[in-house]
Protein chains: 2
Amino acid sequence: MAVQISPLQSLRLWHSASLDMVRGDEPDLSTRQLAILLEVYLVPPPHTVRGLAAKLGVTKPVITRALDTMGRLGLLSRSRDPKDRRNVLIKRTVDGALFVERLGDLVVSRAAELAT
Amino acid sequence: MAVQISPLQSLRLWHSASLDMVRGDEPDLSTRQLAILLEVYLVPPPHTVRGLAAKLGVTKPVITRALDTMGRLGLLSRSRDPKDRRNVLIKRTVDGALFVERLGDLVVSRAAELAT
DNA sequence: TTTAATCGGTACGGAACCGAAACGATAGAC
DNA sequence: GTCTATCGTTTCGGTTCCGTACCGATTAAA
């Protein structure tokens, strides 16, 4: 079932959601960081640095730095792939799952408030 | 008419929209910049630096810098308020309106692709 | 007219980020 | 065992951003 939404509603939804993120206590993530976070939590594993870099169309250090920052925030973690120790597997965390869950609930509640 | 959307759909929608922004040619705006841009284009004027800072819960220099950056990109412009020359009024631009319009269309098309 | 309040912008030191390039570690080919 | 390719990370110089504090300009109050 596709979601029915008008351009103006889309913008208003994104607007209020962005405002909530900026105003919130948690440090607001950059667009790149958010894209990485959602990729990890919405797409089935495994996730590697190289794979994420290709998916986002950015260089590897961008991913490494974003993982450093979000790792420090506890939103995700890294571990070596035991099968191929060159790889690093990006894993979900409990805190990260809660964060993403709150994000989804936030959008839902903002969407419910939308007028035509 | 409120928009009906589930948490998972919300996250998938934000995910694909973020990916589009990151992958796009245009430099991807930060969450704060996007919040400012949408505030200016969705809320009736006038918009001042101080007002935006209060609305977003950030300091003035954050707004000044964001206006510098997005002004350089042609997404909005500044001009002194002739009524009270201490104020700076933030104004919309043609390029900015087109950018925001594309953003709305992008979300709509991504929403249409969503499965349950 | 002097004083105080209010605007946006700037200076500052520190932090995070950028892409390109080089690096060590690991794995596979020969 | 020796190359070679492929990982993720680090280094590099340069840019952008952060909040605090201060500045010049403008307005309003005394």
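**Reading a two-chain predicted model with DNA**

Q: How buried or exposed is L73(A), and how many C-beta atoms surround it?

A: L73(A) is partly exposed, with 17 other C-beta atoms within 10 Å. The idea is to count neighbours: 20 or more would make a residue buried, and 12 or fewer would make it exposed. A count of 17 falls in between, so L73(A) gets the middle label. Do keep in mind that this is a predicted model. L73(A) sits in the loop between α4 and β1 (76-80) of chain A. There is also a fold-back to look at here: L73(A) and E26(A) are 47 residues apart in sequence, yet their C-alpha atoms are 9.3 Å apart in space.

Q: How does V58(B) look by the count of C-beta atoms within 10 Å?

A: V58(B) is partly exposed too, and its count is 18 other C-beta atoms within 10 Å. You will find V58(B) in the loop between α3 (49-56) and α4 of chain B.

Q: Which residues is V58(B) in contact with, once its neighbours within four places in sequence are left aside?

A: Leaving out those sequence neighbours keeps the list to contacts that the fold and the partner chain bring about. For V58(B) they are V22(A), R32(B), A53(B) and I63(B). Notice the chain letters: V22(A) belongs to chain A, while V58(B) belongs to chain B. For a separation within chain B, take V58(B) and D81(B): they are 23 residues apart along the chain, and 22 Å separates their C-alpha atoms.

Q: How do I get an overview of chain A, and what pattern does it follow along the sequence?

A: Start with the elements, then turn to dimensions and contacts. Chain A contains 5 helices and 2 strands, and their order along the sequence is α-α-α-α-β-β-α. Along the principal axes, its C-alpha atoms fill a box of roughly 55 × 30 × 25 Å. Buried residues make up 35% of the 116 in chain A. Among contacts between residues at least 6 apart in sequence, 48% join residues at least 24 apart.

Q: At what angle do the axes of α2(A) and α4(A) cross?

A: Picture a line through each helix and look at the angle between the lines. The axes of α2 (residues 31-42) and α4 of chain A come within 10 Å and cross at roughly 80 degrees. These two helices are therefore roughly perpendicular to each other. On the α2(A) side, the contact is made by R32(A), Q33(A), I36(A) and L37(A), and on the α4(A) side by V62(A), I63(A), A66(A), T69(A) and M70(A). Sorted by class, this contact has 6 nonpolar, 2 polar and 1 charged residues.

Q: By what turn and shift can chain B be laid on chain A?

A: Here you ask which movement puts one copy on the other. A turn of 180 degrees with a shift of 0.0 Å along the axis lays chain B on chain A, with an RMSD of 0.1 Å. That is the relation of a two-fold axis. The same surface serves both copies, and 100% of the contact residues of chain B recur in chain A. To find the axis from chain B, go to S30(B): its C-alpha comes closest of that chain's residues, at 2.6 Å.

Q: How many residues of chain B are in contact with chain A?

A: There are 41 from chain B, in contact with 42 residues of chain A. In chain B, α1 (7-23), α2 (31-42) and α5 (94-113) each supply at least two residues of that side. The largest share, 13 residues, comes from α1(B). By class, this side of chain B has 25 nonpolar, 10 polar and 6 charged residues.

Q: Which residues come nearest to DNA strand D?

A: Of the 21 residues around DNA strand D, the nearest are T48(A), V49(A), R50(A), R86(A) and R85(B). Elements giving two or more residues to this surface are α3 (49-56) and α4 (60-72) of chain A, together with α4 (60-72) of chain B. The surface divides into 7 nonpolar, 5 polar and 9 charged residues.

Q: And which come nearest to DNA strand C?

A: Around DNA strand C there are again 21 residues, and R85(A), T48(B), V49(B), R50(B) and R86(B) come nearest. Here α4 of chain A and both α3 and α4 of chain B give two or more residues each. By class, the surface has 7 nonpolar, 5 polar and 9 charged residues.

Q: Is the peptide bond from P45(A) to P46(A) cis or trans?

A: The angle to check is omega. From P45(A) to P46(A) the bond is cis, with omega near 5 degrees, and P46(A) lies in the loop between α2 and α3 of chain A. In chain B, the bond from P45(B) to P46(B) is cis, with omega near 5 degrees, and P46(B) lies in the loop between α2 and α3 of that chain.

Note on methods
Residues numbered from 1 in each chain as written. Chains lettered and ligands numbered in written order. Predicted model: local features only at pLDDT ≥ 70, side-chain atom pairs only at ≥ 80, totals over all residues. Least-squares fit on C-alpha atoms with pLDDT ≥ 70 in both. Contact = placed C-beta atoms within 7 Å. Helix = DSSP H or I, 4+ residues; strand = E, 2+ residues; numbered from the N terminus. Nonpolar A, V, L, I, M, F, W, Y, C, P; charged D, E, K, R; others polar. Near = placed C-beta within 6 Å. Axes fitted to C-alpha atoms, helices over the stretch in contact; angles between N-to-C directions. Parallel < 35°, antiparallel > 145°, perpendicular 65-115°, else oblique.
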